[in-house]
Amino acid sequence: MATTIDSPRAPHTVRRNRGVNWEKWGWIYMRASGVVLLILIFGHLFVNLLVGDGISAIDFAFIGGKWSDPFWQVWDTLMLWLALIHGGNGMRTIVNDYATRPLTRKILLAGILVAVVAEIVLGTLVIYTFDPCPVGSPADLLPSFCPVNQ
Ligand code: HEM
């Protein structure tokens, strides 16, 4: 009797051919965000740790100075959003691979979603509401452009 072997490219599971294939887009997102994150993360590490006085220059004034520049606000926002969605989607994949009990899986996936949303919201708020010149702070801790240093 002849045996038919499936084409190696045939899908492992049968899925309905309707609607958006979220798993495929999630897979593509991991690769695309990985490439962009390489630039964002290594650019961030280079500027913060190697340029000028390097790591010893990092203090409140350094961060205050960076977040007063729209370029670094956008850079850090992209890094925050891309890395958290990338990390959250990666953790979702691991949970789906290893959590066999449906309730355990649901709880873990909900925990990941809550953590990702909370950190994106709080992180974005910090970047855009950060005050580099808080009133009443010692002048030597603040960036040079603060009124107290003029
Ligand atoms: C340097 C930048 C990064 C690159 C190039 C990168 C690349 C990748 C790629 C291609 C995958 C998919 C692997 C697969 O499907 O087999 C992946 C998975 C993953 N990434 Fe990243 N990533 C980067 C940064 C990050 C960061 C910052 C986080 C955490 C916030 C993270 C967390 C994860 C997790 C949890 C997975 C899932 C691992 C798994 O499925 O076993 N990655 N990464």
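These are my notebook entries on the ligand site and two annotated stretches of a predicted model.

**Entry 1: who sits around the ligand**
I started by listing the neighbours. The shell is made up of M30, R31, G34, L37, L38, I41, A83, H86, G87, G90, M91 and I94. Sorted by class, that gives 7 nonpolar, 4 polar and 1 charged residues.

**Entry 2: which helices they come from**
Next I asked myself which helices each supply at least two residues of the shell. I found α1, which runs over 22-50, and α3, which runs over 70-98.

**Entry 3: the iron**
Then I went to the metal. Which protein atom is a donor of the ligand's iron? I got NE2 of H86, at 2.0 Å, and no other protein donor turned up. I also looked up where H86 belongs, and it is part of helix α3.

**Entry 4: polar atoms facing the ligand**
I stayed with H86 for a moment: one of its polar side-chain atoms is 2.8 Å from a ligand nitrogen. After that I checked R31, where a side-chain N or O atom lies 3.2 Å from an oxygen of the ligand.

**Entry 5: the annotated stretches**
Last, I opened the record. The unreviewed UniProt entry gives "transmembrane region" for residues 34-58 and 107-130. I compared that with the model, one stretch at a time. Residues 34-58 come out as 68% helix and 0% strand, with 26 Å between the end C-alpha atoms. Residues 107-130 are 96% helix and 0% strand, and their end C-alpha atoms are 34 Å apart. I also noted that G34, where the annotated 34-58 stretch begins, is on my list of residues around the ligand.

Key
Residues are numbered from 1 along each chain as its sequence is written. This is a predicted model: local features need pLDDT of at least 70, side-chain atom pairs count only at pLDDT 80 or more; totals for chains, interfaces and linings use all residues. Side-chain values use heavy atoms; hydrogens and water are left out. A residue is near a molecule or strand if one of its heavy atoms lies within 4 Å of it. A polar contact is a pair of N or O atoms within 3.5 Å; within protein, one must be able to donate a hydrogen and the other to accept it, and residues adjacent in sequence count only if both atoms are side-chain atoms. Helices (H or I, at least four residues) and strands (E, at least two) are DSSP runs, numbered from the N terminus. Ala, Val, Leu, Ile, Met, Phe, Trp, Tyr, Cys and Pro count as nonpolar, Asp, Glu, Lys and Arg as charged, and the others, Gly among them, as polar. Donors are N, O and S atoms within 2.8 Å of the metal (3.2 Å for Na, K and Ca); water is not among the atoms, so sites may look incomplete. UniProt positions are given in the numbering used here, feature names are shortened, and annotations may be inferred rather than shown by experiment.
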